[in-house]
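Thanks for making time, everyone. I'd like to walk you through a structure that's new to most of you, so please pull it up and follow along.

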Amino acid sequence: MSIPTLISSTIPIADHEVLGDQDFQAPTARLRGAGTAGLGELDDLERGDRLARMREGTLGSVHSWELVTAVDGPGTRMTIFLSGCPLRCLYCHNPDTMQMRNGEPIEVDELLARIKRYRKIFRRTGGGITLSGGEVLMQPAFAARLLRGARELGINTCLDTSGFLGAAATEQMLADTDLVLLDVKSGIPETYQKVTGRALQSTIDFGDRLDAHGIEMWVRFVLVPGLTDDPENIDAVARIAQRWESMSRLEVLPFHQMGRDKWKSLGMAYALEKTLPPSMERVDEVRDRFRSFGLTVH
Ligand code: SF4
């Protein structure tokens, strides 16, 4: 999910035998292909072959990846942004991840070899990998192989998803997933439709399924003045989160304008041109509102 992450930071470079400067990317200004250089030169593959390999999951379309701490799950994480998304969130700060064709073709084995390089730092910090996007479940077979491969390496796994394509997650994928960051973009169906262009129910259904499996969830909600901050909407999100016992925290992420230039450079109409970020007081109020529902809020 390309949702605002104002608190993100890259990790200090402490492990020189494992990490190099080229491994680090600015967290909120991701460029297409960031971190993927050298991970596959597949331009000469026939289109049909490429699609077949994407269907079986040996090849994926990857926008970029980065190493971050304090976001996208516990510890230091390698967050991998897969290309393609069925949603059209008005506040998306990486709209270049929406189209799968914008990604770089990457071999699953090459990516797993890269992941393996960071095992030490994952172990030291309690981190792991986070599969994000775009929408990770646009490429379920590729995601499944990454999750399985990471598990076999003893690496913590996390999915960051809107849940809209939750039905595409197999039981094996869920068995290989330690944590899900589930974006509940609005609690009122009409507002959800307005924000994303899609229907809310699939997200609730996926959360119910995760809960039935006892998979830990962090619910994420982006607070956008004039769009998602209506008290009725806040309460509706809270009631959805309340139904999931395996939800351990709810994160309120303040909207920001860091993605504005990308919309422009892609020639896409940006509806939130004049929307200001919420004040910290307003963010605190909303967090307190969620807490009044008995939720653990960050
Ligand atoms: S459009 Fe897709 S990538 Fe962008 S914020 Fe929404 S779910 Fe995330």
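Let me start with a bit of vocabulary: when I say two strands pair, I mean that DSSP finds at least two bridges between them. With that in hand, look at β5 and β6, which pair in the parallel sense over four bridges. One of the contacts across that seam is D160, whose bridge partner in β6 is L181.

Before I go on, a word about what we're looking at. This is a predicted model. The protein chain averages a pLDDT of 89, and 85% of the residues score at least 70. The part to be careful with is residues 4-29, where the pLDDT is below 50. That stretch still has 49 contacts in the model beyond near neighbours in sequence. As a rule, where pLDDT is low, the predicted coordinates should not be read in detail. I'll leave that stretch there.

Okay, the overall picture. The protein chain has ten helices and eight strands. How are the eight strands ordered in the sheet? They form an open sheet that goes β3-β1-β2-β4-β5-β6-β7-β8, and the pairing is mixed. At the edges you find β3, residues 104-107, and β8, each pairing on one side only. From one strand to the next the twist averages 30°.

Now let's walk across part of that sheet. Begin with β4, residues 128-132, which runs parallel to β5, residues 156-161, with four bridges joining them. If you want to find that seam on screen, look for T130, whose bridge partner in β5 is C158. From β5 we step to β6, the pair I opened with, again parallel.

Let's stop at β6 for a moment; that's residues 179-183. Are those residues buried or exposed? Five of the five are buried, so the strand is mostly covered, a residue counting as buried when 20 or more other C-beta atoms lie within 10 Å of its own. And that goes for both faces: L179, L181 and D183 point one way, V180 and L182 the other way, and all are buried.

Next step: β6 and β7 pair in the parallel sense too, over five bridges. D183 has R220 as its bridge partner in β7. R220 also stands opposite E251 in β8. That brings us to the next pair, β7 (residues 216-223) and β8 (residues 247-254), parallel over seven bridges. To get from β7 to β8 the chain goes through helix α8, residues 231-242, and this β-α-β crossover is right-handed. There's a helix to spot here as well: α10 lies across β7 and β8, running at about 160° to β8.

So what's packed inside? Buried residues make up 46% of the 298 residues in the protein chain. The largest nonpolar core has 73 residues, and A143, V219 and F221 touch the most other members. Take V219: leaving out residues up to four places away in sequence, V219 touches L182, V184, A241, M247 and L250. You've already met L182, as one of the buried residues of β6. In general, in soluble globular proteins, nonpolar side chains tend to be buried together. And for contacts with a separation of 6 or more, 76% are between residues 24 or more positions apart.

Last part: a few loop details worth clicking on. In the loop between β1 (59-69) and β2 (76-82) sits A70, with a phi near 70°, a positive value in a residue other than glycine. D72 is found in the loop between β1 and β2 as well, and D72 has a positive phi of about 60° although it is not a glycine. How do they sit? A70 is partly exposed because it has 15 other C-beta atoms within 10 Å, while D72 is buried because it has 29.

Then look at G133 and G134, which are joined by a cis peptide bond with omega about 15°. G134 is in the loop between β4 and α4, the helix at 140-152.

Finally, E273, which is in the loop between α9 (260-265) and α10 (280-291). Why does E273 count as exposed? Because E273 has 10 C-beta neighbours inside 10 Å, and the cut-off for exposed is 12 or fewer. E273 and Q257 are 16 residues apart in sequence and 8.2 Å apart in space, C-alpha to C-alpha.

That's my tour, so over to you for questions.

How values were computed: Residues are numbered from 1 along each chain as its sequence is written. This is a predicted model: local features need pLDDT of at least 70, side-chain atom pairs count only at pLDDT 80 or more; totals for chains, interfaces and linings use all residues. pLDDT is the predictor's confidence in each residue, from 0 to 100. Two residues are in contact if their C-beta atoms, placed from the backbone, lie within 7 Å. A nonpolar core is a set of buried Ala, Val, Leu, Ile, Met, Phe, Trp, Tyr and Cys residues joined through C-beta atoms within 7 Å. Helices (H or I, at least four residues) and strands (E, at least two) are DSSP runs, numbered from the N terminus. A crossover is right-handed if, with the strands pointing away from the viewer, the path from the first strand over the helix to the second runs clockwise. Axes are lines fitted to C-alpha atoms, for helices over the stretch in contact, and angles run from 0 to 180 degrees between N-to-C directions.
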